[in-house]
Amino acid sequence: MKIKKVTPGEKSVPLKCPDNTAFKQQRLPSWKPSLNAQSVIPCTFIIAIFCLAVGISWIVTASYIKEIRINYSNYCTHCTELRENASNYAKPCNCIINFSVPEKIQGDVFIYYGLSNFHQNLRRYVVSRYDSQLLGENVTNTESIQKHANCAPFTTYSDGTPMAPCGATANSMFNDTITLLYRKDTTSTIQVPLLRTGNTWWTDKNVKFKNPEGDLTQAFAGTGKPPYWQKPAYLLDPDESHNNAYINDDFINWMRVAAFPTFKKLYRRLSRVQQFSDGLPAGNYSYSIEYNFVVSKIKGQKHVILTTLSWCGGCNMFLGVAYTVTGGVLILASVFMYFVHLKRRKREKSYFKK
């Protein structure tokens, strides 16, 4: 240990020096790349080929994805006008939308609902939740919920009854009911079987969201549903014994907030049974929509999307175009650098000859 030199009368103070090792004394050998034409041009060209390969394959794959998108806000104007008046909210309103599938859609089929001009990315909206409550804790603890300021003003009712779940994110949950019907002929209509479970990640139901222990009806006793909900949390799903409350797939997907004001969220998957074992057959179909979710006040639009997926996701060309453009720019840059290199070499040769 080294001792600092001190003047007479001062106490000696030991200095804490790092160990005398190559790592702590920064004597390790370093490597610095040598950037020259022979290394930069081939690397740029290889990266360009990689980007072009990914971009072109992405575009080709996405072009084979089948998607039918319907803006049902335009079809259900009578329900929109009914829901604009809060006093009519208890009155049911159904809307039928007819469409056709021109050719068979093979494989797995997914139904999404889409919203536009709905901002889930506002900071106050994103943090307006109580994660401890969503894990099945403090569900009926009024004091704990009131202390959690992020949920305000959706914490408790005027009589002190706590909201379960609390917060603006849960309160604004999408609550339209979409049913897909297959019109086999003019006289018979078949309801297409759809799966309401298995639409979330494993971590959602095992890490992020959990129900309180015991019977759900008793666990939520003494709480109230959010103001905009039609049912309490333990009745979100018709199958009360299987998938309810905070592990409801629709609720979990809604609570995963979107980054942009125009987004879509998974609603249902096709159950591949009976005549739908290979997918959706070509023919005439209908959407039966129980219209509850109001977007007219925010000048938004609602869509229902019937689509297939591939290794690159849905029918979105953005990344494919981005990769392709990047690859093209890098190839042009490689060619430009190569000609500049050749021109410079010629100048150097002529200079040395002189």
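This report describes one open sheet in a predicted model and the strands that form it.

## About the model

Because the structure is predicted, local features need pLDDT of at least 70 and side-chain atom pairs count only at pLDDT 80 or more, while totals for chains, interfaces and linings use all residues. Residues are numbered from 1 along each chain as its sequence is written, and side-chain values use heavy atoms, with hydrogens and water left out.

## The sheet as a whole

The open sheet is built from four strands in the order E4-E12-E7-E8, and their pairing is antiparallel. Strands here are DSSP runs (E, at least two residues), numbered from the N terminus, and two of them pair if DSSP finds at least two bridges between them. At the edges lie strand E4 (94–101) and strand E8 (189–191), each of which pairs on one side only. On average, neighbouring strands of this sheet are turned by 30° against each other, direction ignored, where the axes are lines fitted to C-alpha atoms and angles run from 0 to 180 degrees between N-to-C directions.

## Strand E7 and its partners

Seven bridges link strand E7 (residues 177–183) to strand E12 (residues 283–290) in the antiparallel sense. Along this pairing, threonine 177 stands opposite glutamate 290 in E12, and leucine 180 faces tyrosine 287 of E12.

Strand E7 also runs antiparallel to E8, to which three bridges join it, and arginine 183 stands opposite threonine 189 in E8. Together E7 and E8 form a hairpin, with five residues between them.
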